[in-house]
Amino acid sequence: METENTEQSLGEQLRECADAVGGKNFFLTLAETIRTTREGIILAEKKQINYSSGIMTWNKTLHADSWRLLIEAAKVRTKDGNILLGTEDKRHKNVLNMIRTLKPLTFTVTPNNPDDGAGFSFSALEIIDDKTTRVSPLFKALFTMPVEVLKKSMG
């Protein structure tokens, strides 16, 4: 039951974001552009990706090791979504450092045409408490979810 609620709220969130950039097709174009963008562009100083109907920017220069850990964490499926590993795990310190580094990371999507919508912003991470951090659902959807699954989630 909880999974259905999570998927439903993700679907609603995706539809709201799509509406804010001109519709489902514009949103899917952004997702497809992100998937075809090389890591070097994401890690570059410019901090932006241009797509046919808008631009996505972010507020923090990304380093390869933190970026790879974030993408890896976004693909991990745990029951509660927590990416913060126990202290006994040998990767705990690396993940904790990645979380500290990327905590302020925010992505902003802005359509080229203001008539298409106001755009939207989202954080890469959701810090729940000292022991729980999740990769945000929008980050997962835009960066790691297969486009076909993303289409189905949007309804």
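These legends walk you through several close-up views of one predicted model.

**View 1. The open sheet and its four strands.**
Start with the sheet: 4 strands form it, in the order β1-β2-β3-β4, and the pairing is antiparallel. The sheet is open, and its edge strands are β1 (48–51) and β4 (120–123), each of which pairs on one side only. From one strand to the next, the twist averages 15°. As general background, strands of a sheet pair through backbone hydrogen bonds, either parallel or antiparallel.

**View 2. The hairpin between β1 and β2.**
Here β1 and β2 pair in the antiparallel sense over 4 bridges. Look for Q48, whose bridge partner in β2 is T57. A hairpin joins the two strands through 2 residues. In the loop between β1 and β2 you will find S53. Is S53 buried or exposed? Its relative accessibility is 7%, so S53 counts as buried, since the cut-off for buried is under 20%. Leaving aside neighbours within four places in sequence, S53 is in contact with F26, P111 and N112.

**View 3. Strands β2 and β3, side by side.**
Strand β2 (residues 54–58) and strand β3 (residues 106–111) pair in the antiparallel sense over 5 bridges. You can trace some of the partners: I55 has T110 as its bridge partner in β3, M56 has V109, and T57 stands opposite T108. Strand β2 has a covered face with G54, M56 and W58. I55 and T57 are on the uncovered face of β2.

**View 4. Alternating side chains along β3.**
Which residues of β3 point to the buried face? They are F107, V109 and P111, while T106, T108 and T110 point to the other face and are not buried. On its way to the next strand, β3 pairs with β4 in the antiparallel sense over 4 bridges. Within that pairing, T108 stands opposite S121 in β4.

**View 5. Helix α2 against the sheet.**
Helix α2 covers residues 24–36, which makes 13 residues. How far apart are its end C-alpha atoms? They are 18 Å apart, and this agrees with the span of 18 Å that 1.5 Å a residue should give. Buried residues in α2 are F27, L28, L30, A31, T33 and I34. In general, an α-helix has 3.6 residues a turn, so residues three or four places apart point the same way. The sheet comes back into this view: 4 strands form it in the order β1-β2-β3-β4. Helix α2 packs on this sheet, touching β1, β2, β3 and β4, and its direction makes about 125° with that of β1.

**View 6. Inside the largest nonpolar core.**
The largest nonpolar core has 45 residues. Those with the most contacts inside it are F27, W67, L70, F107, F120, F139 and F143. Which residues does W67 touch, not counting residues up to four places away in sequence? W67 touches E39, I42, L43, L62, F107, F139 and F143. You may recognise F27 from α2, where it is buried, and F107 from β3, where it is buried too.

**View 7. Where α4 crosses α5.**
The axes of helix α4 (residues 64–75) and helix α5 (residues 92–102) come within 10 Å and cross at roughly 105°. That makes α4 roughly perpendicular to α5, because angles of 65 to 115 degrees count as roughly perpendicular. To find the meeting place, look at S66, L69, L70 and A73 in α4, which meet N94, V95, M98, T101 and L102 in α5.

**View 8. Two loop residues, K47 and P114.**
K47 is found in the loop between α3 (39–43) and β1. Its phi is near 55°, a positive value in a residue other than glycine. At 24% relative accessibility, K47 counts as partly exposed. P114 has its place in another loop, between β3 and β4. With a relative accessibility of 68%, P114 counts as exposed, because the cut-off for exposed is over 50%. From C-alpha to C-alpha, P114 and L150 are 25 Å apart in space, and they are 36 residues apart in sequence.

Key
Residues numbered from 1 in each chain as written. Predicted model: local features only at pLDDT ≥ 70, side-chain atom pairs only at ≥ 80, totals over all residues. Heavy atoms only, no water. Expected span 1.5 Å × (residues − 1). Buried < 20%, exposed > 50% of the residue type's maximum accessible area, 1.4 Å probe, protein only. Core = buried A, V, L, I, M, F, W, Y, C linked by side-chain atoms within 4.5 Å. Contact = heavy atoms within 4.5 Å. Pairing = 2+ DSSP bridges. Axes fitted to C-alpha atoms, helices over the stretch in contact; angles between N-to-C directions. Parallel < 35°, antiparallel > 145°, perpendicular 65-115°, else oblique.
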